[in-house]
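New to this one? Take a look at the fold first, then use the notes below as a tour.

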Amino acid sequence: MKSIVAITSQNKKTITKHAGECRNYLLYTIENDIVKDKKILELQDNEILKYTFHEDKSSNPKNLLFDVDILLTGSIGPGGVNKLAIQNVTAYVIKEKDPDIAIEKLINGTLEALAPVSHGHGHHHHGHHGHNHDEKCENCNGNHDHNH
């Protein structure tokens with residue numbers, strides 16, 4: 001089985017927050033639990049998720065990230081999670097900062113995603129990834145730290 005995982009990495013080194021505003025992603029192609037390819041995807045201002053979700057008024061907005069299977073990020077709002085779910089992209093908010101370790105944990109099923117990953121709309125995707133339901137969703141507590 002092949003899957004493509006995008007990781008928000010504005011600095012191209014660590015996993016960063018604000019998926020909607022992120023322009024740089026690390027793309028991992030995983031086949032049979034082995035990383036086959038890793039590359040950097042650099043988006044233009046009009047290609048970021050925030051633009052696609054809020055500015056693109058076409059009837060069928062497209063985004064390069066709609067081609068991935070999983071999005072790993074330090075933060076994304078529930079609206080973004082649900083809009084990605086419609087495009088068959090599962091978004092996980094994770095605490096892990098090292099992209100390679102996050103991919104390794106994703107492959108072996110030990111990556112911990114913060115809950116809730118989705119708010120209603122029936123788009124709950126619970127695969128083989130661990131969820132700790134005691135933790136607060138860092139997008140929903142109103143404390144947004146903006147250090148870019």
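Let's start with a hairpin: β2 and β3 pair in the antiparallel sense, with eight bridges between them. Keep in mind that this is a predicted model. The chain has 148 residues, and 42% of them count as buried. Its secondary structure comes to three helices and seven strands.

**The overall layout**

- Reading from the N terminus, the elements go β-β-β-α-β-α-β-α-β-β.
- Take the contacts between residues at least 6 apart in sequence: 47% of them join residues at least 24 apart.

**The sheet**

- Five of the strands make an open sheet with mixed pairing, in the order β3-β2-β1-β4-β5.
- Which strands sit at the edges? They are β3 (34-42) and β5, each of which pairs on one side only.
- On average, and ignoring direction, neighbouring strands of this sheet are turned by 20° against each other.
- Helix α3 (residues 99-108) packs on the sheet and touches β1, β2, β3 and β4. The direction of α3 makes about 35° with that of β2.

**Strand β2 and its partners**

- β2 is largely enclosed by the rest of the structure, because seven of its eight residues are buried.
- On the β1 side, seven bridges join β2 to β1 (residues 2-8), and the two strands run antiparallel.
- Two pairings to look for here are Thr8 with its bridge partner Tyr25 in β2, and Ile4, which stands opposite Thr29 in β2.
- On the β3 side, Asn24 has Glu42 in β3 as its bridge partner.
- The hairpin of β2 and β3 has two residues between the strands, and Asn32 takes a positive phi near 50° there.

**Thr29, a residue worth a click**

- Is Thr29 buried or exposed? Its relative accessibility is 14%, so Thr29 counts as buried.
- Thr29 is part of strand β2. Leaving out residues up to four places away in sequence, Thr29 touches Lys2, Ser3, Ile4, Ile34, Val35, Lys36 and Asp37.

**The nonpolar cores**

- In soluble globular proteins, nonpolar side chains tend to be buried together.
- In this model, the largest nonpolar core has 20 residues. Those with the most contacts inside this core are Ala6, Tyr25, Leu49, Leu65, Leu71, Ile76 and Leu84.
- Which elements give two or more residues to this core? They are β2 (24-31), α1 (49-54), α2 (78-86) and β5 (90-93).
- Another core, of 15 residues, lies apart from that one, and includes Ile15, Leu26, Tyr28 and Ala102.
- Tyr25 makes a good spot for exploring: setting aside neighbours within four places in sequence, Tyr25 is in contact with Ala6, Ile7, Thr8, Ser9, Ala19, Lys39, Ile40, Leu41, Leu43, Leu49, Leu65 and Leu71.

**An aromatic pair**

- How many aromatic pairs are there? The count comes to one.
- The pair is Phe53 with Phe66, and it is stacked: the rings are 6.3 Å centre to centre, with 20° between the planes.
- Phe53 lies in helix α1, while Phe66 is in the loop between α1 and β4 (70-73), so the pair ties together parts that are 13 residues apart in sequence.
- Phe66 has a relative accessible area of 12%, so it is buried.

**Around helix α2**

- Ahead of α2, you'll find Ser75 in the loop between β4 and α2. Ser75 has a relative accessible area of 8%, so it is buried.
- A polar atom of the Ser75 side chain lies 2.7 Å from the backbone nitrogen of His18.
- Within α2 itself, the buried residues are Gly80, Val81, Asn82, Leu84 and Ala85.
- What covers the buried residues of α2? The cover includes α1, β4 and β5.
- Just after α2 comes Asn88, with a positive phi of about 65°.

Conventions:
Residues are numbered from 1 along each chain as its sequence is written. This is a predicted model: local features need pLDDT of at least 70, side-chain atom pairs count only at pLDDT 80 or more; totals for chains, interfaces and linings use all residues. Side-chain values use heavy atoms; hydrogens and water are left out. A nonpolar core is a set of buried Ala, Val, Leu, Ile, Met, Phe, Trp, Tyr and Cys residues joined through side-chain atoms within 4.5 Å. Buried means under 20% relative accessible area, exposed over 50%, partly exposed in between (1.4 Å probe, protein chains only). Helices (H or I, at least four residues) and strands (E, at least two) are DSSP runs, numbered from the N terminus. Contact means heavy atoms within 4.5 Å. Rings of Phe, Tyr and Trp (its six-membered ring) pair if their centres lie within 6.5 Å; planes under 30 degrees apart count as stacked, over 60 as edge-to-face and the rest as tilted. A polar contact is a pair of N or O atoms within 3.5 Å; within protein, one must be able to donate a hydrogen and the other to accept it, and residues adjacent in sequence count only if both atoms are side-chain atoms. Two strands pair if DSSP finds at least two bridges between them. Axes are lines fitted to C-alpha atoms, for helices over the stretch in contact, and angles run from 0 to 180 degrees between N-to-C directions.
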